[in-house]
Amino acid sequence: MEATVIRTSGDHVHVRTEEGMILPATLRGKFRLTVHDLTTPVGVGDRVRVRTEEGIAVIEEIFPRRNWLIRVDPNHYHRRQILACNIDQALLLVTVEAPFTPLRYVDGFLVLCEAFDVPAGLAFTKADLPLKPSSEEKRRNLIRLYQQIGYPTFLVSSQTGEGIESLRVYLRNKRTFITGLSGVGKSSLINRLIPFLHLPTQPLVRLTQRGRHTTTYSALYELPEGGEVIDSPGFGEFRIGDVQPSELSHYFPEMRAYLRQCQFNNCLHIDEPGCAVLPAVERGEIPSSRYHTYLALLKELKATPT
Ligand SMILES: [Zn+2]
């Protein structure tokens, strides 16, 4: 029978069958042989065929994916880690204070989504918390900046409900991957969107022989008004693999219009003669913060073995 992978935690997988049954699942060795060297062969959102054996779903086949988001496994640079599969969009939760979300992180996420052709959005959380005036201005500017580039951008509060209705409209009938640094209020937001779910808002910590480990898992939940969200652990980075340095600028929507005007078609927009991107940055048509992230990602890309 067919099923959907709804939870992964390391090698532990749960599926939901078409009849709505939730079962622990197991994988057989053959799935390790894939095009990419994957940390785990399935991700949340995968469609699979299973047979049941004593209350356990044995995964026999992983159906072709409509899309996916994968990143470089931070522990093994040659490996790729599946973040989510078969998704309609991806939403990053952002805070400018407590915790501070670096722009490098925000733009890294957006570039990853562009590279995998997944529509992306941003939600600035904790709208109810008072900020330093400089942080408040920064947040206002960032919301404007990303909206101008074309990313849906929200300002929300899980406490007061501010912005939640427009976020619901954005999420309705879609499958959305939701992520963000730990501490941005992801569990509180998902609890607000899905009453009675009661996710713990503090990370669970378990003791193992190697010490304390924060329990991390990705899980798919259904929204009451239709649609699903995939809750993910707070990934520390979204390092992209398998991208040529000359491709990177294509994943910055505001740069695309200039790329064909560069004198050299393999222009990296660093200091090349006849570059059309550099003058656009100087004129303020390409935000300098985004250009700086571009340079940082370019450096990182060149340093990542593929
Ligand atoms: Zn150029």
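1. A good place to start is a helix pair: H1 and H7 are roughly perpendicular to each other. H1 covers residues 103-115 and H7 covers residues 288-303, and their axes cross at roughly 75 degrees. The two axes come within 10 Å. Angles from 65 to 115 degrees count as roughly perpendicular, so the crossing of roughly 75 degrees gives this pair its label. Please keep in mind throughout that this is a predicted model.

2. Which residues of H1 and H7 make the contact? On H1 they are Leu103, Arg104, Asp107, Gly108 and Val111, and on H7 they are Ser289, Arg290, Thr293, Ala296 and Leu297. Sorted by class, this contact of H1 with H7 holds four nonpolar, three polar and three charged residues.

3. Arg104 deserves a look of its own. This residue lies in helix H1 and touches Thr293 and Ala296, leaving aside residues up to four places away in sequence. The C-alpha atoms of Arg104 and Leu297 are 8.2 Å apart, although these positions lie 193 residues apart along the chain. Is Arg104 buried, exposed or partly exposed? Arg104 has 15 C-beta neighbours inside 10 Å and therefore counts as partly exposed.

4. Now for the domains. The domain assignment of the protein lists domain 1 (2-62), domain 2 (68-231) and domain 3 (245-303). Taken over C-alpha atoms, the centres of domain 2 and domain 3 are separated by 27 Å. In the contact between these two, 10 residues of domain 2 meet nine residues of domain 3.

5. Which elements give two or more residues to the side of domain 2 that touches domain 3? They are H1 and helix H2 (133-149). H1 gives the most to that side, with seven residues. By class, the side of domain 2 that touches domain 3 has five nonpolar, two polar and three charged residues.

6. Helix H2 also contains Glu136. With 13 C-beta neighbours inside 10 Å, Glu136 counts as partly exposed. If you want a distance to check, the C-alpha atoms of Glu136 and Glu97 are separated by 9.3 Å, with the two residues 39 apart along the chain.

7. On to the interior. The largest nonpolar core has 66 residues, and Val15 and Ala123 are those with the most contacts inside it. H1 gives the most to this core, with six residues. What does Val15 touch, not counting residues up to four places away in sequence? Its contacts are Ala3, Thr4, Val5, Ile6, Leu23, Ala25, Val48, Val50 and Ala57.

8. Thr216 is another residue worth clicking on. You will find Thr216 in the loop between strand E13 (211-214) and strand E14 (218-222). Thr216 touches Ser9 and Pro233, again leaving out residues up to four places away in sequence. The C-alpha atoms of Thr216 and Gly10 are separated by 8.2 Å, while the two residues are 206 apart along the chain. Thr216 has 15 C-beta neighbours inside 10 Å, so this residue counts as partly exposed.

9. A few backbone details may interest you if you plan to go through the torsions. Most residues other than glycine have a negative phi, and most peptide bonds are trans. Which two residues are joined by a cis peptide bond? They are Ala98 and Pro99, with omega at about -5 degrees. Pro99 lies in the loop between strand E8 (89-94) and H1.

10. Glu54 has a positive phi of about 50 degrees although it is not a glycine. The loop that holds Glu54 runs between strand E4 (47-53) and strand E5 (56-62). Glu54 counts as exposed because there are 5 C-beta neighbours inside 10 Å.

11. Asp242 is also not a glycine and has a positive phi, of about 60 degrees. Where does Asp242 lie? Asp242 is in the loop between strand E15 (228-231) and helix H5 (253-259). With 13 other C-beta atoms within 10 Å, Asp242 is partly exposed.

12. To pull the H1 points together: helix H1 crosses H7 at roughly 75 degrees, gives seven residues to the side of domain 2 that touches domain 3, and gives six to the largest nonpolar core.

Technical notes: Residues numbered from 1 in each chain as written. Predicted model: local features only at pLDDT ≥ 70, side-chain atom pairs only at ≥ 80, totals over all residues. Axes fitted to C-alpha atoms, helices over the stretch in contact; angles between N-to-C directions. Helix = DSSP H or I, 4+ residues; strand = E, 2+ residues; numbered from the N terminus. Parallel < 35°, antiparallel > 145°, perpendicular 65-115°, else oblique. Contact = placed C-beta atoms within 7 Å. Nonpolar A, V, L, I, M, F, W, Y, C, P; charged D, E, K, R; others polar. Domains from an automatic or database assignment. Core = buried A, V, L, I, M, F, W, Y, C linked by C-beta atoms within 7 Å. Buried ≥ 20, exposed ≤ 12 C-beta atoms within 10 Å, placed from the backbone.
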